[in-house]
Amino acid sequence: MTYSVAVSGASGYAGGELLRLLADHPDVEIRTVTAHSNAGQPLIAHQPHLRSLAHLTLQDTTPEILSGHDIVFLALPHGQSGRYTDALTDVKLVIDCGADHRLTGKDDWDAFYGGDFHEAWTYGVPELIVGAGKQRDQLVGATRIAAPGCNASTISLSLAPGVAAGVIDASDIVSVLAVGPSGAGKSLKPNLLASEILGSANPYAVGGSHRHTPEVQQALRAAGAIDPRISFTPVLVPMARGILATSTARIAGDASDEQIRAAWEDAYGDETFVQLLPEGQMPRTADVIGANTALIGLAIDRAAGRVVVVTAVDNLTKGTAGAAIQSMNIALGLPEGRALSVNGVAP
């Protein structure tokens, strides 16, 4: 069976990455692409790297145009997806790449986003530990999926094994992320100009104000944390795409080095797209660009009594579009890795 697909926000970075991956998916037909201010223009004018999709023209983003497809991806700014999702009742599978359907708590939404609150959908991070299983189990047969925030899923995948195994203290987590500006979207912003970014590193959303904070806490609670507390600081660095997350947490109780490493080995030993590197190795963002892979390095700092987890992902692939398509594959009963690669692009 071939599934018809519509992608909204197709002129943006996340929309473009969705289309790049879907273009090589044998089970889907990209039938419709939509945008707002760019509607009426050729897709290729905004995504010139997508040569195989040069025949497509951007249409208006309306419920009427999006309806009637088997699958709809919403790659819209936060707070904009909800206005469409209620109307897409005839669509078999809707996947939201924004934040509108990620959070289970209205108070968290009000504190970090504001505006209308929409119900939480099935979270699209298959490898995430949830209770005694994985989030993958909940994605089987899902009809509404919330793709993750790229920073949130990177931190959650970094720490969930230690939380679930009880070898780290989730009440004292510190994460510092080097992130590329593509995670902020394609809209013109002065702080994202090349002249502002090149040769500089710029922290933002400092002091617990980043919108992905409650999403991380929600994921860690699902892994078994009672009251997860995290100090999360992203730093904008001059690379177009990628995240390098360094997360630390206190060692819990008298957990041994062997028990600590075993927590991550047990969690990800059978996973294709989340890989724990050999002891002593740390990941680089260069090794995951274009891949649906999260590479994890683990170190134990006995002097400080902390576990250090370093994770590299491509924010547009594993962080967003790749996670969405991986979740789609699971929901539809297709091979989980279809149209997704563990191989990055180098140099």
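In the predicted model, the side chains of R250 and D172 form a salt bridge, with a nitrogen-to-oxygen distance of 2.8 Å. Because R250 belongs to strand β13 (residues 243-251) and D172 to strand β10 (residues 168-179), this contact ties together parts of the chain that lie 78 residues apart in sequence. Both partners retain some accessibility: R250 is partly exposed, with a relative accessible area of 36%, and D172 is likewise partly exposed, at 22%.

Salt bridges that share partners also join E17, R20, R241 and D314 into one network. Within this network, the side chains of E17 and R20 meet in a salt bridge at 2.8 Å, again taken from N to O. The two residues are three positions apart in helix α1 (residues 13-22), which means that about one helical turn separates E17 from R20. Their surroundings can be described separately, since E17 is buried, with a relative accessible area of 3%, whereas R20, at 28% relative accessibility, counts as partly exposed.

A further salt bridge is formed between the side chains of R136 and E271, for which the N to O distance is 2.7 Å. This pair links distant parts of the chain, with R136 located in helix α6 (residues 136-139) and E271 in the loop between α10 (257-268) and β14 (274-276), at a separation of 135 residues. Both R136 and E271 are buried. In total, the structure holds 18 salt bridges, among them the pairs R250 and D172, E17 and R20, and R136 and E271.

Methods:
Residues numbered from 1 in each chain as written. Predicted model: local features only at pLDDT ≥ 70, side-chain atom pairs only at ≥ 80, totals over all residues. Heavy atoms only, no water. Salt bridge = Lys/Arg side-chain N within 4 Å of Asp/Glu carboxyl O. Helix = DSSP H or I, 4+ residues; strand = E, 2+ residues; numbered from the N terminus. Buried < 20%, exposed > 50% of the residue type's maximum accessible area, 1.4 Å probe, protein only.
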